[in-house]
Amino acid sequence: MRRARDRLIGGHLTAVAAFEHNGVAARLVHALKYSGLDILVPLAVEVLEPRAPAGSIFVPVPRAWSRLVRYGGDPAWRIAAELARRTNGQVVHGLRREIHTPRRAGSNRDQVKWVFRPRLRLKRDYVLVDDVLTTGRTALAAAQALLPARAEFVMTATSAHQVSSLFVPVAGGHQ
């Protein structure tokens, strides 16, 4: 598994991913999302922990309710909970997602609208957490919903090398 480089999403949000989304890492994140196999969580958190400020508020990007029912737990919540445990932080369920979202894998992401609603108003900066990052649109929509609080960055288990104008390598990015 190869470490992922930091990415800048939408010109202002830094994405910190543990691994590139290919090979073994892609298979492990798929197993985490659809089979509940948690082996990727401690591996990813081991890489992400040094980048997570101590005492952070971790806000997981929630899974749609229909996917939660179908596949079980929420991978982003699992990663956020482990990051919080290791850094003396806290997990805050700050976002609400629609009941159902269409399947996105292999679909035209330009036609999908990401809708999040804030569950509460955060009073300080936070770290957004998701399981995988492809185009960055989900992370940007989640961060937008939590304004005026500011996302320090988004942490993910894997990051795909998606060809998108939303991805610009961060100067001097961590590798």
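Contact here means that heavy atoms lie within 4.5 Å of each other, and in this predicted model that criterion identifies what covers helix 5. The elements covering the buried residues of helix 5 include strand 1 (7-9), strand 2 (13-20), strand 5 (95-97), strand 6 (116-118), strand 7 (126-133) and strand 8 (151-159). Helix 5 itself spans residues 137-145 and is mostly covered, with 7 of its 9 residues buried; these are Thr138, Ala139, Leu140, Ala141, Ala142, Ala143 and Ala145.

Strand 5, one of the elements that cover helix 5, also leads to the second largest pocket, where strand 5 gives the most to the lining, with 3 residues. This pocket has a volume of about 250 Å³ and is lined by 15 residues, of which Pro62, Arg63, Leu68, Asp74 and Leu95 lie nearest its centre. Two or more lining residues come from each of helix 3 (65-71) and strand 5, and by residue class the lining of the second largest pocket divides into 8 nonpolar, 1 polar and 6 charged.

A further place to examine is the loop between helix 4 (75-87) and strand 4 (90-91), in which Gly89 is found. Because its relative accessibility is 24%, Gly89 counts as partly exposed, a class that lies between the limits of under 20% for buried and over 50% for exposed. Leaving aside residues up to four places away in sequence, Gly89 touches Gly55, Ser56, Phe58 and Ala84. With Phe58, the partners are 31 residues apart along the chain, while the C-alpha atoms of Gly89 and Phe58 are separated by 7.2 Å.

Terms used
Residues numbered from 1 in each chain as written. Predicted model: local features only at pLDDT ≥ 70, side-chain atom pairs only at ≥ 80, totals over all residues. Heavy atoms only, no water. Buried < 20%, exposed > 50% of the residue type's maximum accessible area, 1.4 Å probe, protein only. Helix = DSSP H or I, 4+ residues; strand = E, 2+ residues; numbered from the N terminus. 1 Å grid on protein atoms, 1.4 Å probe; cavity = no way out; pocket = protein on both sides within 12 Å on 5 of 7 lines; lining within 4 Å. Points joined across faces, edges and corners; volume = space filled by probe spheres on them. Nonpolar A, V, L, I, M, F, W, Y, C, P; charged D, E, K, R; others polar.
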